[in-house]
Amino acid sequence: MLPKERILGVPVYQPGKPIDEVKRELGLTEVIKLASNENPYGYSLKAKEAIIDHLNDLALYPDGGTMELRWDLAKFLQVKPEQLIFGNGSDEILQMICRTYLGEGVNTVMATQTFSQYRSNATIDGAELIEVPLKNGVHDLEAMAAAVNEKTRVLWVCNPNNPSGTINTEAELLQLLDKVSSDVLVVLDEAYYEYVVDAEYPQTVPLLDKYPNLIILRTFSKIYGLAAMRIGYGIASEKVINDLNHVREPFNTGSLSQVAARAALTDQEFVAKCRELNRQGMKQLTDKFDEWGLSYYPSQTNFILVDFKQDSTELFQKLLKNGLIVRSGAALGFPGYQRITVGTPEQNAKLLTVLENLLQETVSK
Ligand SMILES: *Cc1c(COP(=O)(O)O)cnc(C)c1O
């Protein structure tokens, strides 16, 4: 078998370790996963009821047009139904973007330390990568705009950025959009949109009227807590959505995912509660990190990238032995760091206790 040569350079995605695997491997009974930015409060009971209500319908193919969710979400976002596209997670939408706009002979601009799937999918489709380093953990939109050339087709802005948790402000974004040619698709990945509380964060849906070369990606996987259902969406001009629909699989989102997302959307109380609890959990963590003199990037998400100034893999393994799964910064372009998802108050407390012991060990050695 001879696969295409360029896919061999694409690393196989290494997900956060599953809880059961860690329990089995290390003989632990209690394991806390703070590795994949999942919602520690689960998901809306309304979504659960909707899923249960539809368990009898599984013999039929799903609605390939995702019409009911489309109408609800269009109303919720105040856009036209034709301005939406749904995917098997927003991951699938960024894959569709690459398939539609990228190939050999063109390039794509992204940050060096950002969500790995932009790089992987662009490489699979044969495009050249132009990577621009973050500036203080934030997308350097000026440098990214300057990196665009006549062969650039797609520019990626992860806002807030994974893995740093930082945001670009509205002013920075508008400068970029005004500079970049309208032939370049600007992708705004807003997977953590609902977690943001900073007033300088841009509200991007109203920008679509002025910038038809924009696509906003959001997901039900993060604050809505439906990561297992695999459903995300893109918001863009009708033209961009039309382009993407050419490469979309006919039944790319499942029936249960559609009904769960629809019900979850009606429960904005759950979303608001999770946003508030997340800020409290973030403070619980940063208060201790400040006390210990650790530095971290200011995060508008449900995770935080902390500089422990020690070998990422070693500290990751020590935490694992204590029943805590986090994400080692080594694989994310931040050696010495760990990316930690904010958990419940109890989970955070456990993490802080274990960390305190481990950090004292290092000092007393
Ligand atoms: C989690 C995440 C996604 C993907 O979410 P889906 O589960 O595929 O909807 C996309 N972008 C970023 C930055 C993420 O962190």
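Helices and strands are DSSP runs, of at least four residues for a helix (H or I) and at least two for a strand (E), numbered from the N terminus. The exercises below use this convention on a predicted model.

**Exercise 1.** Describe the overall build of the protein chain: how many helices and strands are there, and how does the radius of gyration compare with the globule rule?

Solution.
- The protein chain holds twelve helices and 13 strands.
- Its radius of gyration is 21 Å, close to the 21 Å given by the globule rule for 365 residues, so the chain is as compact as a globular protein of that length.
- Along the principal axes, the C-alpha atoms fill a box of roughly 60 × 55 × 50 Å.
- Of the 365 residues, 54% count as buried.
- For contacts between residues at least 6 apart in sequence, 72% join residues at least 24 apart.

**Exercise 2.** Characterise the surface and the charges of the protein chain.

Solution.
- The accessible surface is about 17100 Å², and carbon and sulfur atoms account for 52% of it.
- There are 36 positive and 47 negative side chains.
- The centres of these two sets lie 3 Å apart.

**Exercise 3.** Determine where threonine 204 sits, whether it is buried or exposed, and which side chain it pairs with.

Solution.
- Threonine 204 belongs to the loop between strand S6 (185–189) and strand S7 (214–219).
- Its relative accessible area is 0%; because buried means under 20%, threonine 204 is buried.
- Its side chain forms a polar contact of 2.8 Å with the side chain of glutamate 190.
- Beyond four places in sequence, threonine 204 touches Leu173, Leu188, Glu190, Leu214, Ile216 and Arg218.

**Exercise 4.** Carry out the analysis for threonine 301.

Solution.
- Threonine 301 is placed in the loop between strand S9 (295–296) and strand S10 (303–307).
- With a relative accessible area of 0%, threonine 301 is buried.
- A polar contact of 2.7 Å links its side chain to that of serine 299.
- Apart from neighbours within four places in sequence, the contacts of threonine 301 include Pro160, Gly165, Tyr192 and Tyr195. Asn278, Arg279 and Met282 are also among them.

**Exercise 5.** Classify the exposure of phenylalanine 76 and find its contacts away from its sequence neighbours.

Solution.
- Phenylalanine 76 lies in helix H3 (residues 67–77).
- Its relative accessible area is 40%; since partly exposed covers values between 20% and 50%, phenylalanine 76 is partly exposed.
- Leaving out neighbours within four places in sequence, phenylalanine 76 is in contact with Leu265 and Gln268.
- The C-alpha atoms of phenylalanine 76 and threonine 266 are separated by 9.3 Å, although the two residues are 190 residues apart along the chain.

How values were computed:
Residues numbered from 1 in each chain as written. Predicted model: local features only at pLDDT ≥ 70, side-chain atom pairs only at ≥ 80, totals over all residues. Heavy atoms only, no water. Buried < 20%, exposed > 50% of the residue type's maximum accessible area, 1.4 Å probe, protein only. Polar contact = N/O pair within 3.5 Å; in protein donor to acceptor, adjacent residues only side chain to side chain. Contact = heavy atoms within 4.5 Å. Rg over C-alpha atoms; globule rule 2.2 N^0.38 Å. Areas by Shrake-Rupley, 256 points an atom, 1.4 Å probe, with all protein chains shown as cover. Lys, Arg positive; Asp, Glu negative; His and termini not counted. Charge placed at Lys NZ, Arg CZ, Asp CG, Glu CD.
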